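User: Please take the structure below through a short series of questions. Each reply should state its reasoning and close on the item requested.

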Amino acid sequence: MYSMFTSTIAAVSTPRGKGGIAVIRISGPDAFSVCENFIHMKSGKPLSSLCANTTSLARVLDSEGETLDEAVVTVYRAPHSYTGEDTVEISCHGGILLTEAVLSRALSCGAVAAGPGEFTRRAFSQGKLSLSEAEAVIGVIDAQTHAALRLSRKNLEGAIHRKTDEVYTKIGTLIS
């Protein structure tokens with residue numbers, strides 16, 4: 001699928017704070033080349049040679065070539081990622097300073113900071129999610145009751161999209 005986006009974006013995908021791990025997501029046409037500037041696979045292979053949907057251990061390097069962290073790197077290849085683009089997720093240790101340092105490296109190596117909801121916007125634009133499914137993502141994230149979570153999960157799984165498709169099909173039949 002053709003991508004309308006020319007930039008490669010990066011953001012921390014886990015809540016800010018101290019924790020066991022943090023995930024930094026890099027998505028876009030240059031995701032692999034951006035990451036190869038600061039991620040060195042423990043296997044010695046280039047990141048871009050990894051198969052889709054695989055995880056590998058890697059060293060994340062600072063601008064001086066020193067190890068910032070050992071991390072697990074997951075590779076997703078277009079169009080089979082959340083955004084429909086090539087995507088790399090770095091699961092590093094979750095300290096605030098370390099997380100910001102890893103994100104900063106991605107940005108200094110060519111990615112641009114993702115805006116709020118930009119990964120989901122790209123997924124919608126690439127046809128990976130319907131509008132109701134994209135809106136349901138925030139519902140899942142913001143749910144404060146089990147009922148709200150169940151409803152948002154159903155919508156994320158396409159419940160509203162299926163219903164509207166049925167209505168459009170019936171209207172189309174009536175019109176023709």
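**Strands, helices and burial**

User: How many bridges join β3 to strand β4?

Analyst: Residues 54-61 form β4, which runs antiparallel to β3. Strands (E, at least two residues) and helices (H or I, at least four) are DSSP runs, numbered from the N terminus, and two strands pair if DSSP finds at least two bridges between them. Histidine 40 stands opposite arginine 59 in β4. The number of bridges joining β3 to β4 is three.

User: On what basis should the model be read, and what pLDDT do local features need?

Analyst: Residues are numbered from 1 along each chain as its sequence is written, and side-chain values use heavy atoms, with hydrogens and water left out. This is a predicted model, in which totals for chains, interfaces and linings use all residues, side-chain atom pairs count only at pLDDT 80 or more, and local features need a pLDDT of at least 70.

User: Which residue takes a positive phi in the hairpin of β4 and β5?

Analyst: β4 pairs with β5 (residues 67-76) in the antiparallel sense, over eight bridges. Leucine 61 has threonine 67 in β5 as its bridge partner. Five residues lie between the two strands of this hairpin, and the positive phi, near 85 degrees, belongs to glycine 65.

User: What are the edge strands of the open sheet?

Analyst: The sheet is open, has seven strands with mixed pairing, and follows the order β3-β4-β5-β6-β2-β1-β7. An edge strand here pairs on one side only, and the two that do are β3 (39-41) and β7 (112-113).

User: What angle does the direction of helix α3 make with that of β1?

Analyst: β1 (residues 9-12) and β2 (residues 19-27) run antiparallel and are joined by four bridges; alanine 10 has isoleucine 26 in β2 as its bridge partner. Helix α3 (residues 118-125) packs on the sheet and touches β1, β2 and β7, where contact means heavy atoms within 4.5 Å. Axes are lines fitted to C-alpha atoms, for helices over the stretch in contact, and angles run from 0 to 180 degrees between N-to-C directions. The direction of α3 makes with that of β1 an angle of about 135 degrees.

User: What covers the buried residues of α3?

Analyst: Buried means under 20% relative accessible area, exposed over 50%, and partly exposed in between (1.4 Å probe, protein chains only). In α3 the buried residues are Glu118, Phe119, Thr120, Arg122 and Ala123. Just after this helix, glycine 127 takes a positive phi of about 80 degrees. The cover over the buried residues of α3 includes β1, β2, β7 and α4 (131-142).

User: Is isoleucine 24 buried or exposed?

Analyst: Isoleucine 24 lies in strand β2. Leaving aside neighbours within four places in sequence, its contacts include Ala11, Val12, Val88, Ile90 and Leu103. Because its relative accessible area is 0%, isoleucine 24 is classed as buried.

User: How far apart are isoleucine 24 and threonine 14 in space, C-alpha to C-alpha?

Analyst: In sequence, isoleucine 24 and threonine 14 are 10 residues apart. From C-alpha to C-alpha, their separation in space is 7.6 Å.

User: Which percentage of the residues in the protein chain is buried?

Analyst: The chain comes to six helices and seven strands, and its C-alpha trace spans about 65 × 40 × 25 Å along the principal axes. Of the contacts with a separation of 6 or more, 55% come from residues 24 or more positions apart. Among the 176 residues of the chain, the buried share is 36%.
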